[in-house]
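Biologist: Could you walk me through this fold and show me how to read its features?
Modeller: Gladly; let's look at it together.

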Amino acid sequence: MKLILLGAPGAGKGTVAKQLMKLDGSAQISTGDILRGAVQAGSDLGKQAEAFMKAGDLVPDDLIMGIMEQRLQEPDCANGFLLDGFPRTIPQAEALKDLLKRINVDLDFAVEIDVSRDVILDRLTTRRTCVGCGAIYNVKSMPTKVEGVCDKCGDKVVQRDDETEEAISNRLDVYNEKTAPLVGFYSNENMLLTVSATSSEAVVEAIQDRLAS
Ligand code: AMP
């Protein structure tokens, strides 16, 4: 499958992508994970992206398109891909449309995962992430067995720099201003599926139904 997962930070895009990936081996492509890896590695890309990310602002479109142009042409994408956190602006969506045309790839559709602001705020402030393998935990609903230590790889589990209340509030404002208009963009292209998510399983089921129809 070739899908775009749209939704505010904390809507569950990553969780849904991981479940979909297991169904048919499509590659999960998270621009946030790619950028966090670059920051950790101290690469040029990481140095350029770091300050924007820490503040909860978007990284400039040309940096993101540089990453995606390469990533979408890697061999694992031939089986399908799940775009998690990209595109995030209208210019990125337009550039993606041109890129896919150029490399002769058809998208299935874009999925809007619609979750209320209250649920998102609660989820993000309690979310913790493993610095080693990226596993996601939640201090309320899914704590690690040993505090601060990843159950899967034993590395440190921390609160992301951009998951302080201030950065989260900024990320949600940025989402509403810059990313929410993509819902209209994909609706105009007749490529939008909106799911008001009660659970990631419900989102996955709605996606499977649409793919089968
Ligand atoms: P995420 O993990 O998807 O919430 O992304 C974390 C941060 O990475 C965002 O707050 C942005 O600073 C940056 N980022 C990720 N994807 C993009 C994108 N497509 N365009 C611009 N910035 C991005």
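Biologist: How many bridges link β4 and β8, and in which sense do they pair, parallel or antiparallel?
Modeller: Strands of a sheet pair through backbone hydrogen bonds, either parallel or antiparallel. Here β4 and β8 run parallel, with 5 bridges between them. Two strands pair if DSSP finds at least two bridges between them, and helices (H or I, at least four residues) and strands (E, at least two) are DSSP runs, numbered from the N terminus. To find one of these bridges, start at V111, whose partner in β8 is L193. Before we go on, note that this is a predicted model, in which local features need pLDDT of at least 70 and side-chain atom pairs count only at pLDDT 80 or more, while totals for chains, interfaces and linings use all residues. Residues are numbered from 1 along each chain as its sequence is written, and side-chain values use heavy atoms, with hydrogens and water left out.

Biologist: Which side chains along β8 are buried?
Modeller: In a regular strand the side chains alternate between the two faces of the sheet. In β8, L193 and V195 share a face and are buried, whereas L192, T194 and S196 point to the other face and are not. Buried means under 20% relative accessible area, exposed over 50%, and partly exposed in between, using a 1.4 Å probe and protein chains only.

Biologist: And which residues of β2 are buried?
Modeller: β2 (residues 27-30) is covered on both faces: A27 and I29 are buried on one side, Q28 and S30 on the other. This strand pairs with β3 (residues 81-84) in the parallel sense, over 4 bridges. One pair to look for is Q28 with L82 in β3.

Biologist: What lies close in space to A27 but 48 residues apart in sequence?
Modeller: P75 does, with a C-alpha to C-alpha distance of 9.9 Å from A27. P75 sits in the loop between α4 (61-71) and β3, and with 72% relative accessibility P75 is exposed.

Biologist: What is the order of strands in the open sheet?
Modeller: The order is β6-β5-β7, an open sheet of 3 strands with antiparallel pairing. The edges are β6 (136-138) and β7 (157-158); each has a single partner strand, so one side of each lacks a neighbour in the sheet. β5 (residues 127-130) pairs with β6 over 3 bridges, in the antiparallel sense, and R127 has N138 of β6 as its bridge partner.

Biologist: Now the backbone. Where is the cis peptide bond?
Modeller: Most residues other than glycine have a negative phi, and most peptide bonds are trans. The cis bond joins F86 and P87, with omega about -5°. P87 belongs to the loop between β3 and α5 (90-102).

Biologist: Which residue between α5 and β4 should I check for phi?
Modeller: Look at N104, which has a positive phi of about 65° without being a glycine. N104 is in the loop between α5 and β4 (109-114), and is exposed at 72% relative accessible area. Another case is N190, a residue other than glycine with a positive phi near 60°. N190 lies in the loop between α8 (181-188) and β8 (192-196) and is also exposed, its relative accessible area being 68%.

Biologist: What does N170 touch beyond its neighbours within four places in sequence?
Modeller: Contact means heavy atoms within 4.5 Å. By that test, N170 is in contact with A55, G56 and D57. N170 is in helix α7 (residues 165-179) and is partly exposed, at 24% relative accessibility. N170 and D57 are 113 residues apart along the chain, yet their C-alpha atoms are 7.3 Å apart.

Biologist: How do I put those local details into the whole?
Modeller: The protein has 9 helices and 8 strands. Its radius of gyration is 17 Å, close to the 17 Å from the globule rule for 213 residues, so the protein is as compact as a globular protein of that length. That radius is taken over C-alpha atoms, and the rule is 2.2 Å times the number of residues to the power 0.38. The C-alpha trace spans about 45 × 40 × 35 Å along its principal axes. Of the 213 residues, 43% count as buried. Among contacts with a separation of 6 or more, 69% are between residues 24 or more positions apart.
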